[in-house]
Amino acid sequence: MANEQELREYLKRAIADARDARRRLREAEDKAHEPIAIIGMACRYPGGVATPEDLWRLVDDGVDAVGGFPANRGWDLERLYDPDPEAAGTSYTTEGGFLHGADEFDPEFFGMSPREALAVDPQQRLLLETTWEAFERAGLDPASLRGSRTGVFTGLMYNDYGSRPNLPAEGNEGYLFSGSAGSIASGRLAYTFGLEGPTVTVDTACSSSLVALHMAAGALRAGECDLALAGGAAVMSTPTAFVEFSRLRGLAPDGRCKSFSEHADGTGWAEGVGLLLVEKLSDARRNGHRVLAVVRGSAVNQDGASNGLTAPNGPSQERVIRQALAHSGLTPADVDAVEAHGTGTSLGDPIEAEALLATYGQERAEGRPLYLGSLKSNIGHSQAAAGVGGIIKMVQAIRHGVLPATLHSAERSSRVDWEAGAVELLTEARPWPETGAPRRAGVSSFGFGGTNAHVVIEQAVEPTDEDARDGDEPTSEAPAQANVPAPPVLPWVLSGRTREAVTAQARRLLSYATEHEEVEPAHVAQSLIHDRSVFDHRAVVVGSDREELLTGLQALADGRPTPTNVVQDTKHTGKTAFLFTGQGAQHTGMGMDLYHTYPAYAHAFDTIATHLDPHLDQPLHHTITTGHHLHQTGNTQPALFATEVALYRLLETWGITPDYLTGHSIGELAAAHISGILTLQDACTLVTARARLMQNLPTTGTMIALQATEEEILPHLTGHEHHLTIAAINSPTSLVISGNQTAANHIAAKLTEQGRKTKTLTVSHAFHSPHMDGMLHDFHHTAAQLTYHQPTIP
């Protein structure tokens with residue numbers, strides 16, 4: 001029997017261990033495949049593209065952004081061009097997709113000297129700008145991320161800024177090496193923003209930015225960082241790429257990528273910068289971050305010993321697509337479209353198309369082909385920034401429900417057997433309808449050296465109530481997107497490092513607000529407060545409606561004398577103090593407009609009331625809204641405490657916090673709680689005990705405000721110390737006496753004869769006087785039961 005019992009116990013343990021092992025294995029597998037949320041995007045691409053919205057307008061409008069060589073880079077344009085592909089040192093094309101403003105930069109904004117800025121590669125400078133924008137567009141103050149576990153993964157393939165002729169320029173020695181080093185591109189972002197996660201510069205040529213995204217996703221899943229920047233940059237400081245590919249006859253003479261077209265005749269070089277801010281989907285939901293799209297999975301592989309070092313390899317491309325789908329847990333039929341590499345070469349495009357036909361083109365439902373397109377047809381091949389540009393384009397396409405057309409591809413390439421699978425080239429734009437399943441797209445990038453990357457992105461689906469119950473509650477302090485009534489007057493807050501920067505901000509905001517009439521002014525006000533850093537030069541436009549706000553904004557943008565609804569100034573170095581008032585300020589309905597307008601106030605008030613109500617004769621909310629017994633001390637003091645603390649919590653959500661706290665009477669306990677000395681529960685215990693004990697004292701006595709100095713009043717108190725005292729000194733020439741009514745009235749009468757102002761206060765008791773001594777023993781007993789902490793605010 002003993003052996004049987006031992007065997008049963010052993011089997012129970014073994015089964016329990018096996019279940020635990022399976023659970024841990026499932027958790028590990030889930031963690032290894034957890035979707036990654038894209039919560040912020042920023043970019044620069046040809047055609048004046050400065051935002052993801054600009055990029056969408058460009059592709060949606062079918063814009064061809066390819067143009068002539070830049071005239072501001074010191075290139076010898078007259079000697080550079082030669083139509084003969086054999087002419088050494090020349091390019092047989094004069095066009096490409098360029099960032100013509102790549103030389104524009106505000107070094108002061110990033111704490112950089114003008115001399116150092118001249119020695120820093122434009123790629124690094126543009127990465128600084130887009131990093132800032134990616135953070136802000138995600139609703140994060142860049143300053144708040146200093147010291148955070150944020151990773152940086154940047155793709156970069158050009159290091160030619162430091163190898164231009166006649167360098168280094170005078171005064172640039174010591175800056176040029178770091179300014180043009182690829183390794184510094186990611187390190188400079190981490191240094192400037194104080195980011196302490198993994199920081200890596202990736203160079204796999206044209207696939208760099210997608211490989212960077214793949215690495216960032218892996219680092220997030222492995223717990224190496226909490227947030228990550230991923231993307232790439234390409235700015236050609238010299239025309240070397242044009243010269244080299246001219247010798248290889250790899251360039252289109254007109255500089256345009258004719259992706260998968262019968263007329264494909266080579267690639268067209270372009271420039272660009274694109275960055276994504278990503279985090280695990282579970283973290284994004286818990287933190288309350290807006291999810292633009294989801295990275296379901298990704299894969300990276302290599303051509304290996306193929307048919308040439310720089311030649312594309314079809315089987316490797318097939319494998320990387322299948323690996324990405326397996327990592328995503330999806331079938332080819334689950335994906336609606338692919339943003340292709342599509343460089344427009346007569347060799348590469350057919351190989352890529354055949355790989356897509358062999359993977360995504362198989363086993364699809366009737367009438368559900370894979371749609372194929374490429375951003376390169378609009379802007380050219382932006383190289384290390386190409387893949388991330390495709391991601392941004394497809395995120396926008398998912399959000400708008402449209403698949404944009406691929407330009408220059410009206411006639412499909414005859415080198416591709418299009419009948420081998422269900423793949424349709426997007427020769428024209430088409431709707432991307434809802435089908436009940438999330439919209440999904442694959443994005444491909446294949447590197448010049450054989451490194452291939454494929455990423456599957458998916459439409460962000462709002463979590464269900466069940467998902468929310470299964471996960472943690474949101475912890476973000478980001479504003480709730482509740483349908484909150486707008487206040488009667490709204491502020492639009494702008495700031496910049498210089499006065500000119502504020503004016504520029506006003507112009508940009510004016511343009512945005514004019515173009516987007518559907519956006520509520522209250523939402524603009526909220527975003528300007530919560531999603532932007534605050535700098536020393538500031539302006540606030542206030543208005544009761546859109547027209548009034550736009551009028552003030554126009555004046556600010558024009559630099560005209562500001563109207564009455566615009567305030568412009570610089571930050572002052574003074575500190576802020578909050579003073580919490582005492583009894584006498586209470587009135588029926590106090591704070592209730594705030595309660596019904598701002599969820600933050602209502603939540604704070606309700607939380608406080610749950611701690612106060614058990615000690616009160618009637619609910620606090622009822623006392624304030626009806627005024628019933630509000631002026632009885634037992635209710636007055638809790639009501640003031642709750643209102644003051646709730647108001648502080650509301651201001652706190654707006655970023656308004658004090659350097660110092662002080663309070664008068666019951667306001668002292670509000671200050672003590674907010675400073676961290678007392679927990680909310682202990683503070684409510686002390687507040688209600690104080691109010692109850694004072695309420696139960698005799699109601700004899702009075703309080704009188706006097707126009708007098710302390711020195712003038714002290715002689716009058718001689719002999720009355722046991723029943724009359726100075727209760728408060730409001731200013732050097734204003735104070736309050738409290739205690740015996742006869743003695744107090746006598747002093748007041750003498751001052752009135754001297755022409756001084758006096759006022760008897762409407763109070764039930766002679767507070768802050770010897771009349772309160774009867775409650776001290778019981779009050780001390782209650783106070784002694786509480787825990788007191790070191791204050792966090794002085």
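**Exercise 1. Cysteines**

Work out how far the sulfur of Cys43 is from the closest cysteine sulfur, and whether Cys43 is buried or exposed.

*Solution.* Start with the cut-off: a disulfide is a pair of cysteine sulfur atoms within 2.5 Å. The closest cysteine sulfur to that of Cys43 sits in Cys257, 18 Å away, so the two are too far apart for a bond. Next, look at Cys206: the nearest cysteine sulfur is again that of Cys257, 10 Å away, and Cys206 is in no disulfide. The count by this rule comes to 0 disulfides.

Now for burial. Buried means under 20% relative accessible area, exposed means over 50%, and partly exposed is in between (1.4 Å probe, protein chains only). Cys43 has a relative accessible area of 0%, so Cys43 is buried. Cys206 is buried too, with 7%.

A word on the model before going on. This is a predicted model, so local features need pLDDT of at least 70 and side-chain atom pairs count only at pLDDT 80 or more, while totals for chains, interfaces and linings use all residues. Residues are numbered from 1 along each chain as its sequence is written, and side-chain values use heavy atoms, with hydrogens and water left out.

**Exercise 2. Strand E8 and its partners**

Find which strands E8 pairs with, and over how many bridges.

*Solution.* Helices (H or I, at least four residues) and strands (E, at least two) are DSSP runs, numbered from the N terminus. Two strands pair if DSSP finds at least two bridges between them.

Take strand E1 (residues 36–44): its pairing with E8 is antiparallel, over 3 bridges. One register point is Ala37, whose bridge partner in E8 is Val294. Then take strand E15 (residues 451–459), which is joined to E8 by 9 bridges and also runs antiparallel to E8. Here Ala299 has His454 of E15 as its bridge partner.

Finally, check the surroundings of E8 (residues 293–302): 8 of its 10 residues are buried, so the strand is largely enclosed by the rest of the structure.

**Exercise 3. Helix H9 and what follows**

List the buried residues of H9, say what covers them, and look at the backbone of Arg249.

*Solution.* In helix H9 (residues 240–247), the buried residues are Ala241, Phe242, Val243, Phe245 and Ser246. Their cover includes helix H3 (77–80) and strand E3 (95–96).

After H9 comes Arg249, in the loop between H9 and strand E7 (272–280). Most residues other than glycine have a negative phi. Arg249 is not a glycine, yet its phi is positive, about 55°. Its relative accessibility is 46%, so Arg249 counts as partly exposed.

For a second case, go to Ser665, in the loop between strand E20 (660–663) and helix H23 (666–674). Ser665 isn't a glycine either, and its phi is positive, about 60°. At 9% relative accessibility, Ser665 counts as buried.

**Exercise 4. An open sheet and two helices**

Give the strand order of the sheet that holds E22, find its edges, and place helices H25 and H26.

*Solution.* First, the order: the 4 strands form an open sheet, E22-E23-E21-E24, with antiparallel pairing. Strand E22 (724–731) and strand E24 (758–760) each have a single partner strand, so one side of each is left without a neighbour in the sheet. From one strand to the next, the twist averages 20°.

Next, the pair E22 and E23 (residues 734–739): they run antiparallel and are joined by 6 bridges. One of these puts Ser731 opposite Ser734 in E23.

Then the helices. Angles run from 0 to 180 degrees between N-to-C directions, with axes as lines fitted to C-alpha atoms, for helices over the stretch in contact; contact means heavy atoms within 4.5 Å. Helix H25 (residues 710–717) lies across strand E21 (702–706), E22 and E23, at about 175° to E22. Helix H26 (residues 741–753) packs on the sheet and touches E21, E22, E23 and E24, its direction making about 20° with that of E21.

**Exercise 5. Thr633**

Locate Thr633 and find its polar side-chain partner.

*Solution.* Thr633 is in helix H22 (residues 633–653). At 0% relative accessibility, Thr633 counts as buried. Residues that Thr633 touches, leaving out those up to four places away in sequence, include Gln583, Met694 and Phe767.

A polar contact is a pair of N or O atoms within 3.5 Å; within protein, one must be able to donate a hydrogen and the other to accept it, and residues adjacent in sequence count only if both atoms are side-chain atoms. The side chains of Thr633 and Gln583 make such a contact, at 3.2 Å.
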